[in-house]
Amino acid sequence: MRIDRITLTHVRIPLGEPFRISNGEVAEKDGIVCAVEAGGLTGFGESSPMAGSFYSADTPDSCWQQLTTSLAPALRGRAFATLDEASAWIDGQPGSNFAKVGLETALWDIEAQRQNLPLHRLLGATRDHAESGLAVGLYDSTEQLLSTIARYLPDGYKRVKIKICPGHDVDLVQAVRARFGDIPLMTDANASYTLAHRDIYKKLDEYGLKMYEQPLPGEALADSAILQSELQTPICLDESLETFADLERAAELKSFKIANIKIQRVGGFRNALRLYNRCRELGLSIWIGTMPELGIGQAQGAAMSTLAACDYPTDVEASSRWFRDDIIEPFLVVRDGNIELPQTPGLGYRIDESKLQRYQVARQVIDK
Ligand SMILES: [Mg+2]
């Protein structure tokens with residue numbers, strides 16, 4: 001494939017409710033839509049870091065800068081023999097994973113269209129649906145948390161994930177259990193605890209949770225191994241697993257039992273599949289997380305979640321769960337806790353150009 005033209009559009013869509021985690025809050029969702037044209041086909045990807053850099057150091061502005069000044073101009077005009085060669089080339093460029101992912105995943109869309117396959121089939125899926133889990137943020141009151149869960153449970157979500165942080169943890173889990181009984185439940189601390197908080201996790205062990213996502217800072221793999229050895233409930237790593245080397249080290253230390261693989265965090269499908277395959281070899285459980293992204297990134301997450309070894313539901317939810325609007329047509333919907341994957345070639349969702357224009361912050365075309 002030869003890359004003829006790349007159109008980058010930074011869009012911003014208001015959230016239906018602010019999304020708050022242990023270290024920050026956003027009220028709008030930024031995404032950079034990457035439309036890549038090659039050989040008469042157009043593929044779409046999304047670069048979707050969290051605004052405010054409280055998940056990682058990447059921001060929409062830093063990714064926009066990298067995409068418009070270096071990554072896209074370097075990719076345009078280049079020819080590759082295979083998708084793998086193109087993905088490896090992008091991976092080897094300077095720049096952050098959150099910027100590269102928009103271009104890399106667009107190439108998978110092009111390749112799937114070229115092979116006349118739905119994206120999830122190109123990725124190796126044998127199923128046509130993804131199981132979806134509900135994720136809820138932190139709220140001012142426990143009642144708000146409970147009413148949010150109650151509002152979405154009728155959609156059949158396969159599990160509930162609540163955000164916790166020091167001072168707001170055991171009481172929240174206890175309240176959810178008291179109101180909703182024995183639902184499949186897990187916590188995500190977004191790295192906000194230290195080993196000094198181990199007794200809190202020992203208390204949480206009494207509530208039969210599915211997993212504890214990222215209790216400790218990303219780099220604290222040795223401490224995570226100590227914590228895991230003292231707990232019944234499996235630890236799931238998210239922020240810790242940026243690279244293949246991180247995965248190897250965490251596995252060797254026994255820092256966790258479950259991997260949350262985010263396509264954005266690892267820079268695209270090629271790296272996500274490498275991590276997925278390695279986790280399989282190591283006998284670790286896997287699921288696919290989201291930031292969340294807008295529709296393109298979410299549809300990609302849903303596609304990857306159909307892979308056979310994804311043992312737990314994804315965080316990908318219905319488009320209407322977070323955003324007042326979305327850029328894909330049709331919207332992602334969750335029925336009985338499942339997202340049905342389209343059977344049309346490529347990503348399988350149309351990108352609505354009128355929405356791109358309505359929510360556009362900036363646009364740049366790289367064609368020479
Ligand atoms: Mg997480």
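Two strands count as paired if DSSP finds at least two bridges between them. In this predicted model, one such bridge links V36 to G43 in strand 3. Strand 2 (residues 24-38) and strand 3 share 7 bridges, and they run in the antiparallel sense.

That pair belongs to a wider sheet. The sheet is open, with 4 strands in the order 3-2-1-15 and antiparallel pairing. Strand 3 (41-47) and strand 15 (360-366) are the edge strands, each pairing on one side only. From one strand to the next, the twist averages 20°. Strands of a sheet pair through backbone hydrogen bonds, either parallel or antiparallel.

Next, the helices on the sheet. Helix 1 (residues 60-75) packs there and touches strand 1 (3-21), strand 2, strand 3 and strand 15. The direction of helix 1 makes about 165° with that of strand 1. Helix 12 (residues 295-304) also packs on the sheet, touching strand 2 and strand 3. The direction of helix 12 makes about 95° with that of strand 3.

Now turn to a helix pair. Helix 5 (residues 142-152) and helix 6 (residues 170-180) have axes that come within 10 Å and cross at roughly 45°. Helix 5 is therefore oblique to helix 6. The crossing is right-handed.

Which residues in helix 5 and helix 6 meet? From helix 5 come T142, L145, L146 and I149. Helix 6 brings D171, L172, A175, V176, R179 and F180. By class, this contact has 7 nonpolar, 1 polar and 2 charged residues.

Definitions and conventions. Residues are numbered from 1 along each chain as its sequence is written. This is a predicted model: local features need pLDDT of at least 70, side-chain atom pairs count only at pLDDT 80 or more; totals for chains, interfaces and linings use all residues. Axes are lines fitted to C-alpha atoms, for helices over the stretch in contact, and angles run from 0 to 180 degrees between N-to-C directions. Helices (H or I, at least four residues) and strands (E, at least two) are DSSP runs, numbered from the N terminus. Angles under 35 degrees count as roughly parallel, over 145 as roughly antiparallel, 65 to 115 as roughly perpendicular and the rest as oblique. A crossing is left-handed if the near helix is turned anticlockwise from the far one by less than a right angle, and right-handed if clockwise. Two residues are in contact if their C-beta atoms, placed from the backbone, lie within 7 Å. Ala, Val, Leu, Ile, Met, Phe, Trp, Tyr, Cys and Pro count as nonpolar, Asp, Glu, Lys and Arg as charged, and the others, Gly among them, as polar.
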